Amino acid sequence: MPANINRQILLKSRPEGMPSLDNFELAQAPVPAPGDGEVLIRHRYLSLDPYMRGRMSAAKSYAKPAEVGQPMVGGTVGEIVTSRHPKFAAGDVVLGHGGWQDYTLSNGAGLRKLDPAVAPISTALGVLGMPGMTAYVGLLEIGQPKPGETVVVAAASGAVGSVVGQIARIKGCHAVGIAGGADKCRFVTAELGFDACLDHRASDLGKQLEAACPKGIDVYFENVGGAVQQAVWPLLNDFARVPVCGLIAQYNMTTPFPGPDMVSVLRKRLLVRGFIVSDFAAKQADFLREASECVRTGRLKYREHVTEGLENAPATFLGLLQGKNFGKTLVKIA
Ligand SMILES: NC(=O)c1ccc[n+]([C@@H]2O[C@H](COP(=O)([O-])OP(=O)(O)OC[C@H]3O[C@@H](n4cnc5c(N)ncnc54)[C@H](OP(=O)(O)O)[C@@H]3O)[C@@H](O)[C@H]2O)c1
């Protein structure tokens with residue numbers, strides 16, 4: 001690719017149901033020049049995350065939609081090529097929100113310098129980034145797990161779920177993962193140290209879950225909704241906590257999924273609380289300190305699913321929505 005070209009993946013159209021490659025367009029623009037107070041960043045990694053499905057839609061949500069004809073939004077790790085900003089120098093590695101493109105300009109707002117000596121820079125988009133922090137605050141602030149309790153999480157080999165189960169183990173809980181397929185389940189137990197992991201495609205998931213959670217479920221970290229939620233719900237104990245983090249199984253449904261049994265919410269006095277990671281911004285320093293130390297000592301493990309090449313971002317994103325990723329999904333751009 002010529003050095004003066006900025007490749008961009010634009011949102012071409014808004015999907016109905018499951019997105020397709022037709023919703024994206026690869027475009028080229030000149031690499032922009034930074035003005036006073038700006039930096040030019042060359043992206044090294046782009047994060048792909050389930051929330052991007054929401055941004056593709058115009059439906060009202062907690063964040064405004066991506067604009068048709070503009071680069072898709074997304075977290076990025078990159079290197080500053082040129083700086084006209086007093087706080088940044090060429091060569092600094094920064095975490096930002098530069099979107100699906102090779103280069104971006106920034107005035108420094110929202111940029112965080114990374115220290116490559118702490119951990120590989122890609123981890124700032126995964127285990128030490130937004131997904132890791134989501135697991136940390138969702139489980140500890142809302143799930144409030146106590147030693148001996150049973151914590152269940154689906155998408156257990158993924159960016160958020162893998163951290164949820166490992167923190168649950170660190171807190172002395174019985175951690176049960178749910179994941180798509182034998183390979184992921186093996187990874188979740190053998191590598192991440194969960195006590196058990198079940199394949200959500202099994203026809204008898206409810207029965208298997210009952211056997212894996214003999215004392216019922218005290219914390220269900222809701223990552224997927226759909227059929228998994230239906231299997232979990234009857235096993236919730238009195239006063240169980242359900243941090244409602246994500247419902248990826250339902251993001252592409254065109255008709256509403258039958259809702260949870262709200263009578264149980266009343267009868268069992270369940271606390272069901274939705275949250276967005278940014279609600280807990282004040283916890284970021286605690287998270288970074290504790291999680292960085294755990295990653296450094298190997299107590300917190302992570303797996304990355306890295307695709308090479310910006311042009312492969314759309315297909316990789318579609319794969320993420322279908323469970324084809326295995327670990328935190330990233331695109332290596334340079
Ligand atoms: N509230 C917040 O602030 C916040 C922040 C970050 C993420 N989230 C949410 O957390 C969840 C996990 O995100 P992530 O970034 O960690 O993604 P991820 O787990 O790395 O990747 C998504 C995974 O979802 C699973 N999945 C997809 N369709 C499914 C279905 N029908 N039934 C069961 N599992 C399905 C697949 O894993 P399997 O193959 O194992 O099924 C897929 O690999 C998502 O719902 C996301 O929206 C919320």
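Which helices each supply at least two residues of the shell around the ligand? They are helix H2 (130–143), helix H3 (159–170) and helix H9 (313–321). The model is predicted. The chain holds 9 helices and 15 strands, and the ligand has 27 residues around it.

**The shell around the ligand**
- Lys 184, His 200, Asn 223, Tyr 251 and Asn 325 come nearest to the ligand among the 27 residues around it.
- By residue type, the shell consists of 17 nonpolar, 9 polar and 1 charged.

**Polar contacts and burial of the ligand**
- Tyr 251 places a polar side-chain atom 2.6 Å from an oxygen atom of the ligand.
- Asn 223 has a polar backbone atom 2.7 Å from an oxygen atom of the ligand.
- For Val 160, a backbone N or O atom lies 2.7 Å from an oxygen atom of the ligand.
- The ligand exposes 910 Å² when taken alone, and the protein buries 91% of that.

**The chain as a whole**
- The chain has a radius of gyration of 20 Å, which agrees with a compact globule, because a globule with 334 residues would have a value near 20 Å.
- Along its principal axes, the C-alpha trace spans about 60 × 45 × 35 Å.
- Of the 334 residues, 52% count as buried.
- The accessible surface of the chain is about 15000 Å², and carbon and sulfur atoms account for 53% of it.
- Of the contacts between residues at least 6 apart in sequence, 67% join residues at least 24 apart.

Notes. Residues numbered from 1 in each chain as written. Predicted model: local features only at pLDDT ≥ 70, side-chain atom pairs only at ≥ 80, totals over all residues. Heavy atoms only, no water. Near = heavy atom within 4 Å. Polar contact = N/O pair within 3.5 Å; in protein donor to acceptor, adjacent residues only side chain to side chain. Areas by Shrake-Rupley, 256 points an atom, 1.4 Å probe, with all protein chains shown as cover. Helix = DSSP H or I, 4+ residues; strand = E, 2+ residues; numbered from the N terminus. Nonpolar A, V, L, I, M, F, W, Y, C, P; charged D, E, K, R; others polar. Rg over C-alpha atoms; globule rule 2.2 N^0.38 Å. Buried < 20%, exposed > 50% of the residue type's maximum accessible area, 1.4 Å probe, protein only. Contact = heavy atoms within 4.5 Å.
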